Amino acid sequence: MKTNTRLLHDRFDGDKKNTGATLTPIYQTSAFGNATAEGLEAIFRNKAAGYAYTRIGNPTVSAFEQRMAALEHGIGAVAFSSGMAAITSLCLAILSTGDEIVASAGVFGGTIGLFADLQAFGITTHYVDACTPEQLERVITEKTRMVFTEIIGNPRLDVLDLPEVSRYLKEKGNILFVVDNTLATPVLVQALEQGADIAVHSSSKYINGSSNAISGVLVDSGNFRWDTEAFPAMQDWKKFGPYALTAKLRQKVLMDMGACLAPMNAFLNSLGMETLGLRMERQCSNALSLAKALEQMDGIAAVNYPGLDSSPWHETASRVLNGGYGAILTARLGTRERAFQVINKLRYAVNITNVGDVRTLVVHPRSTIYAHIPADACEHAGVTEDLIRVSVGIEDMEDLIEDFEQAVRAK
Ligand SMILES: *Cc1c(COP(=O)(O)O)cnc(C)c1O
């Protein structure tokens, strides 16, 4: 199956067994009764398939998880109440005191915050400017257990050479390669096929598409071999073979820490993701057209978009991404005042700190998402005072370009 067919048909059967409904219904219930005590015991002992309590499993949530696993070509997926809950749960599942993480400096702000919080538990994070074998080689130690990075950095819009880093880490051994695929989505990159061990998604963004539910997902390739000397936290779970991590996430992490996805939100995601392929196709092509149009406009100092020849990551993006360069671009307006002025004049782009909506969104990163980040870190991330970030939507291109033209022209 190709992507759009997969989005509708792979590991999906709606409610065939019961009613024939074309979408899995919203099982808006906390717990599931069983006809017999033996039956419920079998579920708790993993001797029988079934549901007991929504924190651990719910049919609407399972339907979404299976579709995510199919889309990312993973062996299993576990959904959480947010993207941050997914990343937190992963760290708590596999890491122990004394372990080290290596991450790229440009990762999502919440992720950097989480890694700083882990320091209190004796887990240290080292950052690299760019996730390349050369730079990783300088910070990886025998205590490194996880490399965490994003495929398209935000707002720097650098693109990861996923296969190259994967090859390097496989040679090193015992380092889990985790890739946050939120911005590229599985439509542009099948992260696990290209060599990531785990794909992370904030499904609050493109997967959902309409910004109507917060959620996160971890998808496991099943390829990582858990050496229990390096990963003592996986000792009791190794017996599940390739399913070790998904089993632990569900039966231990969701069970004990409880950041489960609500059935209603799982339903909204399942609904949204059916059009992911169409939306990405449209949003990527709109982003490329808008980037080219902005490059031509007077009053714009620079445009950054991986689809432009001028992007330092254009070559890598053309190799790693499939069918588009993502739907986020940035532009420099010269001064902070000009950046604010343009944001205030735009009629369609909503001024908001989000990405991945069907609507075009615009934000001034330095005064919002980066308001509390030190100046040198901002500079490193390419967040200047005159920068605006645009998450391009599905509007008609003519209208979007005209809107940006009038906003840039206005004094
Ligand atoms: C939004 C985002 C997150 C966090 O996800 P939430 O669902 O908001 O918790 C993580 N990574 C990336 C790349 C994001 O854009």
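Here is a quick briefing on two sheet regions, a surface patch and a couple of individual residues. Keep in mind that the model is predicted. One part to look at is an open sheet of five strands with mixed pairing. Another is strand β5, where five of the five residues are buried. Outside the strands, there is a nonpolar patch on the surface made by Leu 40, Phe 44 and Met 255.

**The five-strand sheet**

- Reading across the open sheet, the strand order is β8-β9-β12-β11-β10.
- The edges belong to β8 (302-304) and β10 (350-351); each has a single partner strand, so one side of each is left without a neighbour in the sheet.
- From the β8 edge, β8 and β9 pair in the antiparallel sense over three bridges. If you want a residue to find there, Val 303 has Ala 331 in β9 as its bridge partner.
- β9 then pairs with β12, again in the antiparallel sense, over five bridges. Here Thr 330 stands opposite Arg 389 in β12.
- Strand β12 (residues 387-391) also pairs with strand β11 (residues 361-363), in the antiparallel sense and over three bridges. In this pairing, Leu 361 sits opposite Ser 391 in β12.
- As for cover, four of the five residues of β9 (residues 328-332) are buried, so this strand is largely enclosed by the rest of the structure.
- Helix α13 (residues 336-345) lies across β10, β11 and β12. Against β12, the helix runs at about 30 degrees.

**Strand β5 and its partner β4**

- β5 spans residues 176-180, and with five of its five residues buried, it is largely enclosed by the rest of the structure.
- Both faces of β5 are covered. Leu 176, Val 178 and Asp 180 are buried on one side, while Phe 177 and Val 179 are buried on the other.
- Strand β4 (residues 144-150) pairs with β5 in the parallel sense, over five bridges. For a handy marker, Thr 149 stands opposite Val 179 in β5.

**The surface patch and helix α9**

- Together, the three patch residues Leu 40, Phe 44 and Met 255 have about 260 Å² of accessible area.
- Met 255 comes from helix α9, which covers residues 244-257.
- On its own, Met 255 has a relative accessible area of 32%, so it counts as partly exposed.

**Ser 89 in helix α4**

- Ser 89 belongs to helix α4 (residues 83-94).
- Is Ser 89 buried or exposed? With a relative accessible area of 7%, Ser 89 is buried, because the cut-off for buried is under 20%.
- Leaving aside neighbours within four places in sequence, Ser 89 is in contact with Phe 80, Leu 249 and Val 253.

**Tyr 27 in a loop**

- Look for Tyr 27 in the loop between α1 (3-9) and α2 (37-44).
- Tyr 27 is partly exposed, as its relative accessible area is 27%.
- Which residues does Tyr 27 contact, leaving aside its neighbours within four places in sequence? They are Asp 15, Asn 18, Asn 58, Pro 59, Thr 60 and Pro 263.
- Leu 7 is 20 residues away from Tyr 27 along the chain, and their C-alpha atoms are separated by 21 Å.

Note on methods
Residues are numbered from 1 along each chain as its sequence is written. This is a predicted model: local features need pLDDT of at least 70, side-chain atom pairs count only at pLDDT 80 or more; totals for chains, interfaces and linings use all residues. Side-chain values use heavy atoms; hydrogens and water are left out. Patches are made of residues with over 30% relative accessible area and no salt bridge: like charges are joined within 9 Å, nonpolar side chains (Val, Leu, Ile, Met, Phe, Trp, Tyr) within 5 Å. Accessible areas come from the Shrake-Rupley method with a 1.4 Å probe; for residues, only the protein chains shown count as cover. A salt bridge is a side-chain nitrogen of Lys or Arg within 4 Å of a carboxyl oxygen of Asp or Glu. Helices (H or I, at least four residues) and strands (E, at least two) are DSSP runs, numbered from the N terminus. Buried means under 20% relative accessible area, exposed over 50%, partly exposed in between (1.4 Å probe, protein chains only). Two strands pair if DSSP finds at least two bridges between them. Contact means heavy atoms within 4.5 Å. Axes are lines fitted to C-alpha atoms, for helices over the stretch in contact, and angles run from 0 to 180 degrees between N-to-C directions.
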